[in-house]
Amino acid sequence: MKANNNIPVVPLHRFFKHSLEILKNPLPFHHQNFEAQGDVFRLKIGFSNSVVFARDAAFAEYVLKKNHKNYTKSKIQTEDLVKYVGTGLLTAEGEHWKKQRKLIQPAFHKKQLANLLDSIKGAITSEYDKIIPNKSLDAFPILNDLAFQAVVKSLFSSAATEADINRLQYITEAAQRMLVKELRQPYLGWWFNLSGKIKKHIELTGEARQILKRIVKERRASKLREDDLLDMLLDARYEDGNPMEEEQLIDEILILFTAGHETTSNALTFITQLLALHPEWQDRILKEREAILERTDDLMDLVTQSKVCQQVIEEGMRLYPPVYFIDRVNKEADTFKGLHFEAGSNLLFSVYEIHRHPKLWEQPECFLPERFSEGGRKFSSQYFPFGAGPRKCIGNNFAMFEMIIAISELVGRYKISPNFKDIAITPLITLKPKNAWLSFEARTQ
């Protein structure tokens, strides 16, 4: 790929020089390049390969919304991820994606999600029952299990056994770790193939597919209706009246597992850490919660009226967006702000950098939930926690409802205190927390 003269270039030798630190955490390296080169730069990652990194919010909006038809997802999702999760909404492209999106979208309408709130709350409270008060705990495993259970209960109600759930969770997370190794160490691709590591993980995902097929078969045979996501997916019909074929159904379920719990557990952990560092916001959430519960015990009322809680969640996802990069490849050559991008350019938009850009946000490094007092729409041109445009995350309402219930319930039960110095991160496929040690003091009823 030829370098464009009007885009600053970070040379290959600099990439190799910092390869080990990039493997551990690429964000400081990219931040240094943004500060030195500007909001768009090209990083050489091979003799003929390069990636364009951008933290220009207007450019991101242009690609994701205004000219989205000229852009497709990169090989990372359309090929590398596909071998582990199949071709579902997250990884599909073109007409296949449009067909699947139209089919599945109704299952995630707010009215349909209302039927799932009791299951979501049940999964949340059962995990909180395991918290040992007044003891230093790593919050991430608790919140990770919580998010996985919430997806499982919303999908399958009680159809999946504990052994099934544990195995599905293990396989989902093992596949992600393998994919991270492939992406961060492309020069070891030959070894991953020769050693059988990729084959082993593909076989693991095959095992997950068999578990899911058995659950689907048992649901169909039972003739019972649970009104969960599985029923909605089984009921869904294309325009010709036909349902999804079994392999496509399993692809979509695997995508829901992968995308549905990973990002939520990360966000919940960062938000809980931020609340531990800012106890005054715990008090504000608690006061709001008590006022709502005095008026109603309806869960939909709780999630729609918890404005303070929502502000905290949105600010948490600004500072620590679980999906911290968005990738695209342009089908035809394109130009933006005088910068020319030849067809087939690999573009990576740093949501992490956009969300902290000093020209876009006042006090960008500070935790200020009040900035979202008018809602996230005020910042729609620079705030992308769920992506943007036609491919915005289909489960954004599901995730927000789940997080509001989770944070509201947690603050209602416990006063949260930090047992860490600074919030640390581990950037993998998603932005993961590190060493989220907290203590939970039970509130007196």
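## A tour from the cap of helix H4

Begin by selecting Asp 56 in this predicted model, where Asp 56 caps the N-terminal end of helix H4, with a side-chain oxygen 3.0 Å from the backbone nitrogen of Ala 58.

Next, select the whole of H4, residues 57-66, and colour its buried residues, which are Ala 57, Phe 59, Ala 60, Glu 61, Tyr 62, Val 63 and Leu 64. Seven of the 10 residues of H4 are buried, so this helix is largely enclosed by the rest of the structure.

Now bring up the open sheet of six strands, whose order is E1-E2-E3-E9-E6-E4 and whose pairing is mixed. Strand E1 (9-10) and strand E4 (71-72) stand at the edges, and each has a single partner strand, so one side of each is left without a neighbour in the sheet. To look at one of these edges, select E4 together with strand E6 (residues 325-330), which run antiparallel and are joined by two bridges; here Thr 72 has Val 329 in E6 as its bridge partner. With the sheet still shown, return to H4, which packs on it and touches E2, E3, E4, E6 and E9, its direction making about 125° with that of E9.

Then add helix H3 (residues 27-37), which lies across E1, E2, E3, E6 and E9 and runs at about 125° to E2.

Finally, move to strand E13 (residues 437-442), which pairs with strand E5 (residues 137-138) in the antiparallel sense over two bridges, with Leu 137 opposite Leu 438. Strand E10 (residues 414-418) also pairs with E13 in the antiparallel sense, over five bridges, and there you can find Ile 416 standing opposite Phe 440.

Technical notes: Residues are numbered from 1 along each chain as its sequence is written. This is a predicted model: local features need pLDDT of at least 70, side-chain atom pairs count only at pLDDT 80 or more; totals for chains, interfaces and linings use all residues. Side-chain values use heavy atoms; hydrogens and water are left out. Two strands pair if DSSP finds at least two bridges between them. Helices (H or I, at least four residues) and strands (E, at least two) are DSSP runs, numbered from the N terminus. Contact means heavy atoms within 4.5 Å. Axes are lines fitted to C-alpha atoms, for helices over the stretch in contact, and angles run from 0 to 180 degrees between N-to-C directions. Buried means under 20% relative accessible area, exposed over 50%, partly exposed in between (1.4 Å probe, protein chains only). A polar contact is a pair of N or O atoms within 3.5 Å; within protein, one must be able to donate a hydrogen and the other to accept it, and residues adjacent in sequence count only if both atoms are side-chain atoms.
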